[in-house]
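Let's take a guided walk through a protein model. Have the sequence and the 3D view open as you read.

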Amino acid sequence: MLLTVSGPPGSGKSTTAELLADAFDLDHVSGGDIFRELADERGYTPLEFNKLAEENDQIDRDLDRRLREIAVEEDDLVLESRLAGWLAGDQADFRFWLDAPARVRGERIAEREDKDPERATEETKAREASEAQRYEEYYGIDIRDLTIYDLSVNTARWEPAAVLDMLVTAVERYEADGDEGQALVNTDYEF
């Protein structure tokens, strides 16, 4: 089974993906962890590395290509990244989108990174805009198009355990016979 968890920074992707992987005894691969590791290895903060990626498309393309390979080649996995649903395409059994208001996401990031919440919110908005522009430019993907996702959840409305319950219920109660069609994802673009 391949589950994808996507959403903007601070939406609860990592927390939810880890819980989901545990609930179904699946491996968990995080695009954010890979991106942060790449930034750290090169001596950049994630924001600095993100800015560098605006000038060097190879950073995004390498990361996305690797995540796409993982989605195609591996089973029993929760794949988590902003583009996970797109990268996994029709390989995914379920694609989940998580979100929360920018202020909430900024506060979460501020707590995680020991920053001022207003600064974290502004940096997050800038990062989102930058990434959205790059996804459109590189792959023709409109990250705001949520029609490919099976379920979208505002994580500011529920605690992580309740969000997990929703996703687990969606997977466990799925009946293939009643499925009128998974949203198809065009994966003809080069990652």
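## The annotated binding site

A quick word on terms before we start: UniProt positions are given here in the numbering used for this model, and such annotations may be inferred rather than shown by experiment. Keep in mind, too, that this is a predicted model.

In the unreviewed UniProt entry, the annotation "binding site" covers G7, P8, P9, G10, S11, G12, K13, S14 and T15. Of these residues, P9, G10, S11, G12, K13, S14 and T15 are included in the lining of the largest pocket.

## Two residues up close

Let's zoom in on P9. You'll find P9 in the loop between strand 1 (2-6) and helix 1 (13-24). Is P9 buried or exposed? The cut-off for buried is under 20% relative accessible area, so P9, at 3%, counts as buried. Setting aside residues up to four places away in sequence, P9 touches R82, R105, I109, T124, R127 and E128.

Now for S14, which sits in helix 1. S14 has a relative accessible area of 25%, so this residue is partly exposed. Which residues does S14 contact, leaving aside its neighbours within four places in sequence? They are H28, S30, R36 and E80.

## The sheet

Next up is the sheet. Here 5 strands form an open sheet with parallel pairing, and their order is 2-3-1-4-5. Strand 2 (27-30) and strand 5 (151-154) stand at the edges; each has a single partner strand, so one side of each has no neighbour in the sheet. On average, neighbouring strands of this sheet are turned by 20° against each other, ignoring direction.

What holds paired strands together? Strands of a sheet pair through backbone hydrogen bonds, either parallel or antiparallel. In this model, strand 1 and strand 4 (residues 94-99) run parallel and are joined by 4 bridges. For a spot to look at, try S6, whose bridge partner in strand 4 is W97.

## Helices to look for

Helix 2 (residues 31-41) packs on the sheet, where it touches strand 2 and strand 3 (77-80). The direction of helix 2 makes about 50° with that of strand 2.

Then there's helix 4 (residues 57-73), with 17 residues. From its first C-alpha to its last, helix 4 reaches 24 Å, close to the 24 Å expected at 1.5 Å a residue. Buried residues in helix 4 include I59, D60, R61, L63, D64, L67, R68, I70 and A71. As a general rule, an α-helix has 3.6 residues a turn, so residues three or four places apart point the same way.

Methods. Residues numbered from 1 in each chain as written. Predicted model: local features only at pLDDT ≥ 70, side-chain atom pairs only at ≥ 80, totals over all residues. Heavy atoms only, no water. 1 Å grid on protein atoms, 1.4 Å probe; cavity = no way out; pocket = protein on both sides within 12 Å on 5 of 7 lines; lining within 4 Å. Helix = DSSP H or I, 4+ residues; strand = E, 2+ residues; numbered from the N terminus. Buried < 20%, exposed > 50% of the residue type's maximum accessible area, 1.4 Å probe, protein only. Contact = heavy atoms within 4.5 Å. Pairing = 2+ DSSP bridges. Axes fitted to C-alpha atoms, helices over the stretch in contact; angles between N-to-C directions. Expected span 1.5 Å × (residues − 1).
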